[in-house]
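Please take a moment to look over the sequence and the structure shown below. The paragraphs that follow move through it step by step.

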Amino acid sequence: MAQCCRERLAVVGKRQGGYTAVTPYLTIAGVMTAIDWYAQAFGAVPGRILQMPDGVVAFAEMRIGDAFVMLCDESPAFQNQGPLAMGGSPVSIHLYVDDVDTVFAHAVSLGATAKQAPEDQFFGDRSGALADPFGYTWTLATQVEALSEEELQKRWLAIRDDMGG
């Protein structure tokens, strides 16, 4: 278990130490393979892993940047399926990184599928979307411009009007 995960276990509070109020919990066919892939692609650090006697991962966690992500294997016993078994997922994950172009290209080189190449967005981020090999869509982003609320609204209205809205 990584040090980042071990230190927080000694503190009792309203939620597990290090976790934010909202934490994604991903169901994946092959969690251990996925954790390795996320470590290579996004720098994830594995944490606790709880396995059933048959090897099914009932619970795992990893840290990406300053956020935890929980994971578990698909399992009929837990009545859960991952996005590949369900034909996709309506959930996507937004991940801020230091250099979106580099991380995006690296993830694609590891088997992710590019859905939208990184480009500058009206809201001040440079972002792109990709599908990981496990069926989840990730939007990778780097903030390139800090906008006031007024500027954001102005840009949104211009784009919305161009879209016919």
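How many bridges join β5 to strand β8? In this predicted model, five bridges link β5, which covers residues 92-96, to β8, which covers residues 137-143, and the two strands run parallel. One of the pairings can be located by its residues, since S92 has T137 as its bridge partner in β8. The two faces of β5 differ in their surroundings: I93 and L95 lie on the covered face, whereas S92, H94 and Y96 lie on the uncovered one.

From these strands we can turn to the interior. The largest nonpolar core has 29 residues, and those with the most contacts inside it are I28, Y38, F42, L71, W138 and L140. Among the elements that give two or more residues to this core are β5 and β8, together with β1, β3, β4, α2 and α4, and the largest share, seven residues, comes from α2. As for I28, leaving aside residues up to four places away in sequence, it touches A34, Y38, L71, C72, D73, E74, F134 and Y136.

The helix α2 deserves a look of its own. With its twelve residues at 1.5 Å a residue, α2 should span 16 Å, and its end C-alpha atoms are 15 Å apart, which agrees. Its buried residues are V31, A34, I35, W37, Y38, A41 and F42. Seen down the axis of α2, these buried residues fall within an arc of 165 degrees, so they line one face of the helix. Just after α2 comes G43, which takes a positive phi of about 75 degrees.

Terms used: Residues are numbered from 1 along each chain as its sequence is written. This is a predicted model: local features need pLDDT of at least 70, side-chain atom pairs count only at pLDDT 80 or more; totals for chains, interfaces and linings use all residues. Side-chain values use heavy atoms; hydrogens and water are left out. Buried means under 20% relative accessible area, exposed over 50%, partly exposed in between (1.4 Å probe, protein chains only). Helices (H or I, at least four residues) and strands (E, at least two) are DSSP runs, numbered from the N terminus. Two strands pair if DSSP finds at least two bridges between them. A nonpolar core is a set of buried Ala, Val, Leu, Ile, Met, Phe, Trp, Tyr and Cys residues joined through side-chain atoms within 4.5 Å. Contact means heavy atoms within 4.5 Å. The expected span of a helix is 1.5 Å times one less than its number of residues. The arc is that of the directions from the helix axis to the C-beta atoms.
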